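The following exercises are to be worked from the coordinates and the per-residue confidence values. Each task is followed by a solution in steps.

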Amino acid sequence: MTTANQTAVPLLEMRNVKKDFFGNQVLTDINLKLNAGEVLGLVGENGAGKTTLMKILFGMDEIRETGGYGGEILLNGEKVSFSSPFDALAKGIGMVHQEFSLIPGFTATENILLNREPKRHSVVAEVFGERFNKLDRGAMKQQAEAAIDKMGVYIDGEMTISQMPVGHKQFTEIARELSKDQLKLLILDEPTAVLTEHEAIALLDSIRGMASRGIAVIFITHRLQEILSVCDRVAVMRDGCLVQDVNAKETSVQEITRWMVGRTVAGTEASHREIREGKVIMSIRRLWVDMPGETVRDVNLDVFEGEILGIGGLAGQGKLGIPNGVMGLYEAGGKVLFQGKEIALNAPRRCLDASLAFVSEDRRGVGLLLDESLEWNIAFPAMQIQNKFLKNYLGGLVKWRDEKAIREVTEKYIDELAIRCTSSRQNAKELSGGNQQKVCLAKAFALEPQFLFVSEPTRGIDVGAKALVLNALKKFNQESGVTIVMISSELEELRQVCDRIAIVSGGKIAGILPATDSSEDFGMLMVSQVK
Amino acid sequence: MSETVNQTNPSFGKLIRKAVQSFGLPRLIIAGFLLLLFILAPFVNADLPMQITNTINRFSWNAVLVLAMVPMVHSGCGLNFGLPLGIVAGLLGGTLSIELGFRGPASFFISILIATPFALLFGGGYGWLLNRIKGGEMMIATYVGFSSVSFMCMMWLLLPYHSPNMVWGLSGKGLRTTISLEGYYDKALANFLQINIGKLSIPVGTLLFFAVLAFGMWAFLHTKTGTAMTAVGSNPTFARAAGINVDRIRLLSVIMSTWLGAVGILVYEQGFGFIQLYNAPFYMALPAVSAILIGGASVNKASIMNVIIGTFLFQGIVTMTPTVMNNMIHMDMSEVIRMIASNGMILYALTRKTEVRR
């Protein structure tokens with residue numbers, strides 16, 4: 001495929017592309033070349049920088065708003081700098097996003113040609129300008145059909161988007177990009193994640209078809225098998241660096257996995273505690289959770305008393321669904337035994353009464369009262385569930401808030417977790433992400449639970465705060481003997497803190513390994529059942 | 001992490017700016033306008049002591065209705081545009097106590113007693129409805145308020161009232177639009193401990209009654225359940241994750257608000273001296289909503305201080321503008337200004353709603 005279109009000047013060239021978000025380096029010196037008609041597979045763990053790189057290429061607003069990027073991008077040997085996605089579109093770059101940007105009530109044809117419809121002249125337009133021309137329905141149909149043909153997968157152009165199965169929506173988006181005559185480079189961001197197996201195969205075929213027409217494709221996916229079957233080259237990203245750029249024919253799934261997860265960074269020692277195969281404190285049987293984007297299908301898991309169990313896996317595979325389901329925040333079914341007693345699902349109060357606690361991954365949405373003081377944030381659950389920090393009057397009839405006790409406990413945790421704030425009365429929304437996360441931890445610690453779920457405790461916080469949060473968790477586990485289940489997308493972080501790590505893939509537990517096992521083994525588990 | 005938090009010395013200008021910010025620019029403008037009216041009053045030959053008496057009186061009539069906004073704002077149900085529902089419960093209590101023949105100041109408390117079960121019932125149904133349409137509370141509340149008033153317009157005619165003080169003279173059935181409270185609970189609270197200094201008179205009883213209810217509300221917000229209510233309003237998902245039954249707390253807040261609406265209208269009537277039926281409750285929700293907003297409350301935050309300041313400013317403007325303006329330009333501008341102030345405040349507050357960020 002590639003040799004036919006090989007030219008001296010590559011279609012796309014990136015030279016030393018860098019990007020930092022407020023001092024937090026997310027991309028370092030990316031060098032990449034792509035020829036016309038070439039298919040490049042781009043892989044990497046979540047947070048490796050794939051999406052950021054594509055956003056830079058596509059000229060997304062948020063890149064400019066956060067201070068632009070370093071390095072240069074050349075298109076056909078010419079330096080370009082897009083100030084908006086429209087510029088990128090004009091230069092022949094198309095992008096199909098993970099989230100659909102389609103109008104549900106319009107037909108596929110209308111969506112494909114939206115704002116680029118062929119028009120027929122109308123009299124009204126003489127007076128009011130060309131926006132009053134009539135749509136040429138016949139020509140629209142032809143153009144849309146041509147685009148659908150080019151794609152090689154049949155979809156009904158007359159069907160409204162809202163009636164389509166999710167796979168066809170994806171194809172409509174692709175057809176929209178293909179209908180643009182100037183299209184030279186198409187970026188597909190995890191297009192197969194929502195497709196059925198059959199549809200995915202059709203998509204792969206159509207990618208090959210596009211490539212043979214001279215369109216270059218950047219294909220982002222977690223399904224490594226697909227990469228190997230359709231791509232000419234594979235680029236592997238890790239921690240914001242491009243670690244490998246090889247011919248697809250010369251590599252294997254195992255090798256790619258190793259590149260994806262294997263850190264070369266020094267100083268990451270795994271936890272060396274002996275695994276305590278002691279008493280089972282919680283056993284989860286046949287758990288399903290209906291959490292959008294994180295569906296849990298069938299999870300069976302035993303947690304030992306006093307351990308720190310990690311749950312890892314790629315995004316969207318269901319690892320976040322497990323704590324959210326057990327704690328009753330999303331609809332769930334199955335059986336959860338805690339200390340031998342069954343706890344009811346779908347009832348947050350029951351779990352909290354059984355002295356379970358949960359630090360949610362959604363800090364701002366679930367974890368905090370943004371408009372209230374730190375005192376309220378930290379003391380509230382303990383007050384409501386365990387009647388702490390209350391003064392009783394009239395024989396318990398009036399339960400009065402004990403402001404002094406609340407202040408004391410808040411200041412205790414501000415000291416212990418080094419929360420940086422002006423006072424315990426400061427509103428939670430004024431703190432930085434890392435400090436907000438510490439408040440969330442303090443809230444859970446104040447409950448003095450026997451069992452703690454911590455979901456993505458280091459997401460979006462800086463390195464210093466990360467270490468503090470992880471140490472606080474370790475200390476809490478050692479000193480209070482609390483069993484902790486920590487869910488994280490970052491495998492290395494789990495390996496630093498946890499005794500055992502369970503990997504979730506395809507809504508199921510793919511395997512549980514000691515934290516000391518090699519990254520490669522974990523990587524294999526991560527992609528084992530990706531659907 | 002060990003560094004001390006630097007306390008910067010704010011300059012004088014910054015202090016003022018901060019004070020203005022915390023007090024709120026719209027409130028400052030309205031307070032300034034009211035002050036201007038008080039200063040102007042003697043120059044345009046308006047009777048100042050009389051005007052102050054009026055302002056205090058109107059404050060005492062309306063304060064409880066404004067207080068009724070607080071629980072629903074705290075639980076995140078927004079401003080209670082459905083206040084007429086509570087008012088209807090109060091009107092039922094008032095008219096039934098007259099029908100049953102209670103007289104004198106005691107009939108005021110009997111009215112509250114009779115209104116209470118209605119308020120609980122109406123509030124319960126209203127709260128159940130609001131729990132079903134989370135996110136659109138204020139719009140639905142408006143409809144609930146309006147439709148309850150319209151429904152009662154029919155009921156006032158059909159219900160078998162017989163008291164000659166209340167029914168139409170000729171047909172002998174159906175309630176009149178305006179019913180005098182003389183001999184019933186007219187000035188039941190106002191006359192209690194009333195202070196008269198020259199032309200100035202202060203209805204201490206009514207103010208005390210409001211103070212008791214306001215203290216009760218303040219105290220409630222400091223209890224465990226009250227804290228939960230504030231948290232539900234601040235972030236319902238957080239509250240749910242902390243094991244709170246969000247729907248039950250919201251229901252409680254709606255019932256409280258409806259009951260306070262019922263008591264509020266009875267307080268209003270005892271000061272005003274008349275029961276107003278039929279379409280009158282239509283016009284009660286908007287002034288109460290704008291009063292609490294002028295007081296500095298937002299769609300999901302309100303304090304007792306907001307109630308007091310807001311009621312005073314709003315009623316002050318409503319009382320002062322007609323007299324001062326009329327004496328000055330010999331033209332009735334009062335209604336126009338009242339409309340601009342009340343509707344403007346509501347619009348302003350609704351645009352502030354975006355402060356709830358995720």
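**Exercise 1. Overall form of chain B**

Task: Determine what share of the 358 residues in chain B is buried, and assess the form of the chain.

Solution. The coordinates come from a predicted model.

Step 1. A residue counts as buried when 20 or more other C-beta atoms lie within 10 Å of its own. By this criterion, 47% of the 358 residues in chain B are buried.

Step 2. The secondary structure of chain B consists of 14 helices and four strands. For 358 residues the globule rule gives 21 Å, and the radius of gyration of chain B is 22 Å, close to that value; chain B is therefore as compact as a globular protein of that length.

Step 3. Along the principal axes, the C-alpha atoms of chain B fill a box of roughly 80 × 60 × 35 Å.

Step 4. Of the contacts in chain B with a separation of 6 or more, 74% are accounted for by residues 24 or more positions apart.

**Exercise 2. Confidence in chain B**

Task: Establish which elements of chain B have the lowest and the highest mean pLDDT, and identify stretches where the pLDDT is below 50.

Solution.

Step 1. Chain B has a mean pLDDT of 85, with 92% of its residues at 70 or more.

Step 2. Among its elements, the lowest mean pLDDT, 72, belongs to helix 14 (residues 334-351) of chain B, and the highest, 94, to helix 11 (residues 246-272) of chain B.

Step 3. The pLDDT is below 50 over residues 1-8 of chain B, a stretch with two contacts in the model beyond near neighbours in sequence. It is also below 50 over residues 353-358 of chain B, where five such contacts occur.

Step 4. Predicted coordinates should not be read in detail where pLDDT is low.

Step 5. For the model, the scores are ipTM 0.79 and pTM 0.72.

**Exercise 3. Two helices**

Task: For helix 11 of chain B and helix 17 of chain A, compare the end-to-end span with the expected value, then examine burial.

Solution.

Step 1. Helix 11 of chain B has 27 residues, which at 1.5 Å a residue should span 39 Å; the end C-alpha atoms are 39 Å apart, in agreement.

Step 2. Of these 27 residues, 23 are buried, and helix 11 of chain B is mostly covered. Just after this helix, B:Gly273 takes a positive phi of about 95 degrees.

Step 3. Helix 17 (residues 433-446) of chain A has 14 residues and reaches 20 Å from first to last C-alpha, close to the 20 Å expected.

Step 4. Because 13 of its 14 residues are buried, helix 17 of chain A is largely enclosed by the rest of the structure. A:Glu448, just after this helix, takes a positive phi of about 45 degrees.

**Exercise 4. Chain A and its domains**

Task: Describe the secondary structure of chain A, its radius of gyration and its division into domains.

Solution.

Step 1. Chain A comprises 20 helices and 24 strands, and buried residues make up 46% of its 531 residues.

Step 2. A compact globule of 531 residues would have a radius of gyration near 24 Å, and the 26 Å of chain A agrees with this. The C-alpha atoms of chain A fill a box of roughly 85 × 60 × 45 Å along the principal axes.

Step 3. The division is into domain 1 (2-92 + 182-261), domain 2 (268-355 + 449-531) and domain 3 (367-448). Taken over C-alpha atoms, the centres of domain 1 and domain 2 of chain A are separated by 32 Å.

**Exercise 5. Two residues of chain A**

Task: Is A:Leu178 buried or exposed, and is A:Gly481 buried or exposed?

Solution.

Step 1. A:Leu178 is part of helix 8 (residues 166-178) of chain A. It has 25 C-beta neighbours inside 10 Å and therefore counts as buried.

Step 2. Leaving aside neighbours within four places in sequence, A:Leu178 is in contact with A:Ala147, A:Lys150, A:Met151 and A:Leu183.

Step 3. A:Gly481 lies in the loop between helix 18 (463-480) and strand 22 (483-487) of chain A. With 10 other C-beta atoms within 10 Å, A:Gly481 is exposed.

Step 4. A:Gly481 and A:Gln450 are 31 residues apart in sequence, with their C-alpha atoms 7.7 Å apart in space.

**Exercise 6. The contact between the chains**

Task: Find how many residues each chain gives to the contact, and characterise the side of chain B.

Solution.

Step 1. The contact takes 26 residues from chain A and 18 from chain B.

Step 2. On the side of chain B that touches chain A, helix 9 (224-234) and helix 10 (236-241) of chain B are the elements giving two or more residues. Helix 9 of chain B supplies the largest share, five residues.

Step 3. By class, this side of chain B has eight nonpolar, seven polar and three charged residues.

Conventions. Residues numbered from 1 in each chain as written. Chains lettered and ligands numbered in written order. Predicted model: local features only at pLDDT ≥ 70, side-chain atom pairs only at ≥ 80, totals over all residues. Buried ≥ 20, exposed ≤ 12 C-beta atoms within 10 Å, placed from the backbone. Contact = placed C-beta atoms within 7 Å. Nonpolar A, V, L, I, M, F, W, Y, C, P; charged D, E, K, R; others polar. Rg over C-alpha atoms; globule rule 2.2 N^0.38 Å. Domains from an automatic or database assignment. Expected span 1.5 Å × (residues − 1). pLDDT = per-residue confidence, 0-100.
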